[in-house]
Amino acid sequence: MGTVILAGWWRRFGAYVVDALVVGVPAFIVGLIVGSFSLVASTDVSGQRTNGNGALVAVVLTAVVLNIGYPFLFLRYRGQTLGMMAFGIRTIDRVNGGPLTMPQTWRRVLTFFFLVLFWGEIATIVNFTTAGTTTPTGGVLFDLLSAAALVTTALWPLNNPVNQTLQDKAANTIVIRTN
């Protein structure tokens, strides 16, 4: 495999921030578009604003497709997302140093999705269904769970000999510097 230099925590963090923007901005725009067409609001019998199921499905489905599709396609075919390209890092197979296999890519992407992003999507559903109420506590709790999972996997490399996150461990991958 040769000598590789493992990617440091700050490079990985910077790449994640860029990727979060790459996925988050289009998802936010879809949410605005759906809201502007008044697909999200109706009034129930008590006069409270409620959100339509069509809007909920559109927003959640868009977020899920972007959060799974974007990293899967880039990691599978390039070994790096746009954020990773910007910060000069790449994901490789830990054992042979080669590109990710299809199963590795799925394990890495789905581990991150179900560990971190899934709870945010549950929060979105709870917040949609409780719009107009004073305290959507369920949504806040799921958002906190998502944040705790994100912090856990983000800090994991700091105490790991090969700087692996939880999704790296699940897929048996490492992230290396390309420059």
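Start your tour by selecting tryptophan 156, which is partly exposed because its relative accessible area is 37%, between the 20% limit for buried and the 50% limit for exposed. Keep in mind as you click around that this is a predicted model.

**Stop 1: around tryptophan 156**

Show the backbone here, and you will find tryptophan 156 in the loop between helix H5 (137–155) and H6. Which residues does tryptophan 156 contact, leaving aside its neighbours within four places in sequence? Display Gln164, Thr165, Leu166 and Lys169, and you have the set. Now draw a distance from the C-alpha atom of tryptophan 156 to that of leucine 166: the two are separated by 6.9 Å, although they sit ten residues apart along the chain.

**Stop 2: aspartate 168 and its arginines**

Next, select aspartate 168, in helix H6 (residues 166–171). Is aspartate 168 buried or exposed? Its relative accessibility is 0%, so aspartate 168 counts as buried.

Add arginine 12 to the selection. Its side chain meets that of aspartate 168 in a salt bridge, at 2.6 Å from N to O. Arginine 12 belongs to helix H1 (residues 9–36), so this pair ties together parts that are 156 residues apart in sequence. Both aspartate 168 and arginine 12 are buried.

Then bring in arginine 108, which also forms a salt bridge with aspartate 168; here the closest N and O atoms are 2.8 Å apart. This pair too links distant parts of the chain, since arginine 108 lies in helix H4 (residues 102–129), 60 residues from aspartate 168. Arginine 108 counts as buried because its relative accessibility is 9%. With Arg12, Arg108 and Asp168 all on screen, you are looking at one network, joined by salt bridges that share partners. The count of salt bridges comes to two.

**Stop 3: the nonpolar cores**

Now for the largest nonpolar core, which has 15 residues. Good ones to select are those with the most contacts inside it: Leu75, Met84, Ile89, Val109, Val116, Leu117 and Val175. Colour helix H2 (53–77) and H4 as well, as each supplies at least two residues of this core. Which helix gives the largest share of this core? That is H4, with five residues.

Zoom in on valine 109. Not counting residues up to four places away in sequence, valine 109 touches Asn67, Ile68, Pro71, Phe72 and Leu75.

For your last selection, pick Ala55, Val59, Val60 and Phe128, which are among the six residues of a second, separate core.

How values were computed. Residues are numbered from 1 along each chain as its sequence is written. This is a predicted model: local features need pLDDT of at least 70, side-chain atom pairs count only at pLDDT 80 or more; totals for chains, interfaces and linings use all residues. Side-chain values use heavy atoms; hydrogens and water are left out. A salt bridge is a side-chain nitrogen of Lys or Arg within 4 Å of a carboxyl oxygen of Asp or Glu. Helices (H or I, at least four residues) and strands (E, at least two) are DSSP runs, numbered from the N terminus. Buried means under 20% relative accessible area, exposed over 50%, partly exposed in between (1.4 Å probe, protein chains only). Contact means heavy atoms within 4.5 Å. A nonpolar core is a set of buried Ala, Val, Leu, Ile, Met, Phe, Trp, Tyr and Cys residues joined through side-chain atoms within 4.5 Å.
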